[in-house]
Structure formats: C-alpha cells, structure tokens
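Trainee: Could we go through this one together? I'd like to practise reading a structure step by step.

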Amino acid sequence: MIPYSHRSTKYMRESGREMLDGNFNPEDVLKVGMPRGSVLLFTGGLIHGSGNNETELGRKSLLSS
C-alpha cells in the first residue's frame, strides 16, 4: 500500500492499475505482512494491492461506503 495516496495528487488512480503498471515510486510502498487471521482496515481510495493467493481458501473483503 502507499500511505496517504488517497489524499495525494502525486498518484493518479485509474482502474486500480497503478501497482500493475508500475506507475509508482517503489520507495513509497509500505509492505504489510500480517499473521493469518489478521484484519487490515483502510479507505478504498488508498492505492493498495496484494500478492497472489496461494492457498486453497478464498480471501474475504468488506466494502463499506
């Protein structure tokens, strides 16, 4: 995730492709590792991404607006 990116004009957010296209400064990225069962809350406007789910279980998310 890129902290404070939801309040920044530095990053243009278009269809969630910032992380895939590499249109970001790697020094701005905060990698968050968490133990199984943890919860991370953030605003949806924050640039974020995740690695591939390499388990047999699905991931869950909750969107609230």
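Mentor: Sure, and keep in mind that this is a predicted model. Let's begin with the pocket.

Trainee: What volume does the largest pocket have?

Mentor: Its lining involves 35 residues, and M34, L40, F42, R59 and K60 are the closest to its centre. As for the space itself, the largest pocket has a volume of about 1500 Å³.

Trainee: How many residues of that lining are charged?

Mentor: Split the lining of the largest pocket into kinds. You get 15 nonpolar residues and 15 polar ones. What remains is the charged group, and that comes to five.

Trainee: Is F42 buried, partly exposed or exposed?

Mentor: F42 lies in the segment after α1, the helix at 18–21. Buried needs under 20% relative accessible area, and exposed needs over 50%. F42 has 37% relative accessibility, so F42 is partly exposed.

Trainee: Which residues form the nonpolar patch on the surface?

Mentor: F42 belongs to this patch too. Together its members offer about 400 Å² of accessible area. They are L30, V32, M34, L40 and F42.

Trainee: What about Y4: buried or exposed?

Mentor: Y4 sits in the segment before α1. Its phi is near 65°, a positive value in a residue other than glycine. Because its relative accessibility is 55%, Y4 counts as exposed.

Trainee: And how far apart in space are F24 and K10, C-alpha to C-alpha?

Mentor: F24 is in the segment after α1, and it counts as partly exposed because its relative accessibility is 22%. In sequence, F24 and K10 are 14 residues apart. In space, their C-alpha to C-alpha distance is 9.1 Å.

Technical notes:
Residues numbered from 1 in each chain as written. Predicted model: local features only at pLDDT ≥ 70, side-chain atom pairs only at ≥ 80, totals over all residues. Heavy atoms only, no water. Patch = residues over 30% accessible without salt bridge, like charges linked within 9 Å, V, L, I, M, F, W, Y side chains within 5 Å. Areas by Shrake-Rupley, 256 points an atom, 1.4 Å probe, with all protein chains shown as cover. Salt bridge = Lys/Arg side-chain N within 4 Å of Asp/Glu carboxyl O. Helix = DSSP H or I, 4+ residues; strand = E, 2+ residues; numbered from the N terminus. Buried < 20%, exposed > 50% of the residue type's maximum accessible area, 1.4 Å probe, protein only. 1 Å grid on protein atoms, 1.4 Å probe; cavity = no way out; pocket = protein on both sides within 12 Å on 5 of 7 lines; lining within 4 Å. Points joined across faces, edges and corners; volume = space filled by probe spheres on them. Nonpolar A, V, L, I, M, F, W, Y, C, P; charged D, E, K, R; others polar.
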